[in-house]
Amino acid sequence: TSRIELGRGDAAKARAALVEIVDQLPDHLPALHALEAFAFDSGSFEGLDSVELAIARNLDGSTAAGHAMLAARVIEQSQGWEKTFEAVQIAAAADPSSTWANRNLAAHARMRGDLYMEIYVLVKFSSLARLAGGHVEEASEELTHTIGRWSRERFSLLHYWEAYGQIECS
């Protein structure tokens with residue numbers, strides 16, 4: 001008799017069998033989705049963050065980003081926003097146009113003191129998104145403000161023209 005058969009009619013045993021499957025096969029999407037369903041059905045979200053991250057790592061596009069965002073929200077509730085970096089990275093990589101992911105990626109960069117990454121994300125996403133939305137003046141102001149945060153010693157003309165070119169080409 002398999003462990004799954006033993007778990008029929010007993011949610012705790014079924015969940016334990018799924019956890020065992022995921023322990024042995026961390027990318028097993030059917031088991032991960034079943035664990036996700038157990039969490040929502042029971043209202044107990046312990047361990048949901050790692051399940052959602054595993055699902056996100058095995059998918060792509062906006063679906064992966066959605067699972068990563070859910071993981072970040074669960075992590076934020078249980079461990080604090082500072083611990084959401086991995087989930088934010090996965091969401092931003094899976095859906096580069098995600099406002100939520102890019103804003104959080106920039107905030108994490110700011111928290112770590114990574115001015116280059118923060119400015120790169122803000123220029124790449126925020127300014128380009130405003131420009132794409134027809135808000136040329138807002139995009140220009142945001143670009144000027146963002147780039148103005150670099151000190152003269154740390155800023156090079158090359159970075160300026162790279163950012164300018166990206167916005168103009170969009």
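A nonpolar core is a set of buried Ala, Val, Leu, Ile, Met, Phe, Trp, Tyr and Cys residues joined through side-chain atoms within 4.5 Å. Buried means under 20% relative accessible area, exposed over 50%, and partly exposed in between, with a 1.4 Å probe and protein chains only.

The model is predicted: local features need pLDDT of at least 70 and side-chain atom pairs count only at pLDDT 80 or more, while totals for chains, interfaces and linings use all residues. Residues are numbered from 1 along each chain as its sequence is written, and side-chain values use heavy atoms, with hydrogens and water left out.

**Exercise 1. State the secondary structure of the chain and the share of its residues that count as buried.**

Step 1. Helices (H or I, at least four residues) and strands (E, at least two) are DSSP runs, numbered from the N terminus. On this basis the chain has ten helices and zero strands.

Step 2. Of the 170 residues of the chain, 37% count as buried.

Step 3. Contact means heavy atoms within 4.5 Å. Taking contacts between residues at least 6 apart in sequence, 41% join residues at least 24 apart.

**Exercise 2. Describe the largest nonpolar core and find which element gives the largest share of it.**

Step 1. The largest nonpolar core has 18 residues. Those with the most contacts inside it are L53, A68, A87, I90, A91 and L105.

Step 2. Two or more residues each come from α4 (48–57), α5 (61–79), α6 (85–94), α7 (99–112) and α8 (115–132). The largest share, six residues, is that of α5.

Step 3. Take A91 as an example. Not counting residues up to four places away in sequence, A91 touches A65, A68, M69, W100 and A101.

Step 4. Apart from the largest core lies another, of ten residues, with L115, V123, L128 and A139 among them.

Step 5. In α6, the buried residues are A87, V88, I90, A91 and A92. They pack against α4, α5 and α7.

**Exercise 3. Compare the span of α3 with its expected value, then locate its buried residues.**

Step 1. The expected span of a helix is 1.5 Å times one less than its number of residues. Helix α3 (residues 29–42) has 14 residues and should therefore span 20 Å; its end C-alpha atoms are 20 Å apart, in agreement.

Step 2. The buried residues of α3 include A31, L32, L35, E36 and A39. They lie on the same side of α3, because they cover an arc of only 145° around the axis; the arc is that of the directions from the helix axis to the C-beta atoms.

Step 3. P30 and D41 are exposed on the other side of α3.

Step 4. The cover over the buried residues of α3 includes α2 (11–24), α4 and α5. After α3 comes G43, with a positive phi near 80°.

**Exercise 4. Give the packing angle and axis distance for α3 with α4, and for α2 with α3.**

Step 1. Axes are lines fitted to C-alpha atoms, for helices over the stretch in contact, and angles run from 0 to 180 degrees between N-to-C directions.

Step 2. α3 and α4 pack at an angle of about 145°, with axes 10 Å apart. On the α3 side, L29, L32, H33, L35, E36, A39 and F40 meet L48, V51, E52, A54 and I55 of α4.

Step 3. For α2 and α3 the angle is about 145° and the axes are 9 Å apart. Here A11, A14, R15, L18, V19, I21 and V22 of α2 meet A31, L32, A34, L35 and F38 of α3.

**Exercise 5. Decide which residues of α9 are buried and which are exposed.**

Step 1. Helix α9 (residues 136–148) has 13 residues and reaches 18 Å from its first C-alpha to its last, close to the expected 18 Å.

Step 2. A139, E142, L143, T146 and I147 are the buried residues of α9. They fall within an arc of 120° seen down the axis, so they line one face of the helix.

Step 3. E137, E141, T144, H145 and G148 are exposed on the other side of α9.

**Exercise 6. Are H108 and F125 buried or exposed?**

Step 1. H108 lies in helix α7 and is buried, with a relative accessible area of 1%. Beyond four places in sequence, H108 touches W81, E82, T84, F85 and V88.

Step 2. F125 lies in helix α8 and is buried, at 12% relative accessible area. Leaving aside neighbours within four places in sequence, F125 is in contact with P96, S97, S98, T99 and N102.
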